[in-house]
Amino acid sequence: MVKNKDISFMQLALEQARLAGQANEVPVGAVVELDGKVIGTGYNLNRSTNDPSAHAEIIALRAAAQSIGNYRLEGANLYVSLEPCVMCAGAILHARIGRLVYATPDERWGAAGSVANVLQSPLLNHRCEITSGVLKQQAASLLTEFFSARRNSRQQ
């Protein structure tokens with residue numbers, strides 16, 4: 001169920017995604033919220049850092065853990081512009097995020113329901129509530145425009 005604060009925090013995640021795009025990274029952004037306050041933000045940095053783990057979610061989770069001085073982020077919500085992959089889903093579970101809110105699905109890599117649902121697996125000891133589709137069109141447009149521009153630049 002979409003909550004009133006979901007739109008505000010997703011707008012912040014989309015701002016992070018725009019920063020990624022400006023840095024020539026795939027435009028994905030993430031925000032960790034706890035008790036109505038942002039405790040961590042991040043955007044994709046894979047290409048610029050040559051780090052396959054530098055996804056927006058991982059960057060935001062690291063910042064949030066540093067912010068509160070604990071790797072367990074119980075009670076926190078994670079807002080992401082794109083459905084997390086399996087790696088990020090694992091980190092979300094390890095951090096004990098209570099709720100994931102994502103904008104647009106990832107039909108190739110999504111691990112919150114599109115390809116797999118790691119976050120709600122009965123095989124694991126923690127599960128995460130999932131809300132999808134918040135500001136879906138805006139997030140999808142950022143991705144479409146980014147990849148379109150990349151294809152056009154290769155053709156020229």
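1. Let me start at N46, a residue you'll find in helix 2, which covers residues 46-49. Keep in mind that we're looking at a predicted model. The side chain of N46 makes a polar contact of 3.3 Å with the side chain of H55. If you skip the neighbours within four places in sequence, N46 is in contact with E25, D51, P52, A54 and H55.

2. Two asparagines have backbone angles you may want to look at. N50 isn't a glycine, yet its phi is positive, at about 55°. N50 sits in the loop between helix 2 and helix 3. It counts as exposed because its relative accessible area is 68%, and the cut-off for exposed is over 50%. N24 is the other one: here phi is near 65°, again a positive value in a residue other than glycine. You'll find N24 in the loop that links helix 1 (4-22) to strand 1. With 48% relative accessibility, N24 is classed as partly exposed.

3. Now the sheet. There are five strands in an open sheet, and their order is 2-1-3-4-5, with mixed pairing. Strand 2 (37-43) and strand 5 (129-132) are the edges, each pairing on one side only. On average, neighbouring strands here are turned by 15° against each other, ignoring direction.

4. At one end of that order, strand 4 (residues 99-104) pairs with strand 5 in the parallel sense, over four bridges. If you want a register check, Y102 has S132 of strand 5 as its bridge partner.

5. Which strands does helix 3 lie across? Helix 3 (residues 56-68) lies across strand 1 (29-34), strand 2 and strand 3 (77-82), and runs at about 145° to strand 2. Helix 5 (residues 136-155), for its part, lies across strand 3 and strand 4, at about 60° to strand 4.

6. T104 is a handy residue for seeing how strand 4 meets its surroundings. T104 belongs to strand 4, and its contacts, leaving aside neighbours within four places in sequence, are S81, L82, E83, K136, A139, A140 and L143. Is T104 buried or exposed? T104 counts as buried, because its relative accessibility is 7% and the cut-off is under 20%.

7. On to the cores. The largest nonpolar core has 29 residues, and V32, L73, L78, I92, I97, L100 and L119 are the ones with the most contacts inside it. Strand 1, helix 3, strand 3, helix 4 (86-95), strand 4 and helix 5 each put in at least two residues. Apart from this core lies another, of 13 residues, including L14, V134, L135 and L142. Back in the largest core, I92 is worth clicking on: not counting residues up to four places away in sequence, I92 touches L61, L78, P84, I97, L100, L119 and C128.

8. Last, the cysteines. How many disulfides are there? The count comes to zero. C88 is in no disulfide, although the nearest cysteine sulfur, that of C85, is 3.8 Å away; a disulfide would need the sulfurs within 2.5 Å. C88 is also buried, at 0% relative accessibility. C128 is in no disulfide either, and the nearest cysteine sulfur to C128 is that of C88, 13 Å away. C128 counts as buried too, with a relative accessible area of 2%.

Key. Residues are numbered from 1 along each chain as its sequence is written. This is a predicted model: local features need pLDDT of at least 70, side-chain atom pairs count only at pLDDT 80 or more; totals for chains, interfaces and linings use all residues. Side-chain values use heavy atoms; hydrogens and water are left out. Two strands pair if DSSP finds at least two bridges between them. Axes are lines fitted to C-alpha atoms, for helices over the stretch in contact, and angles run from 0 to 180 degrees between N-to-C directions. Contact means heavy atoms within 4.5 Å. A polar contact is a pair of N or O atoms within 3.5 Å; within protein, one must be able to donate a hydrogen and the other to accept it, and residues adjacent in sequence count only if both atoms are side-chain atoms. Buried means under 20% relative accessible area, exposed over 50%, partly exposed in between (1.4 Å probe, protein chains only). A nonpolar core is a set of buried Ala, Val, Leu, Ile, Met, Phe, Trp, Tyr and Cys residues joined through side-chain atoms within 4.5 Å.
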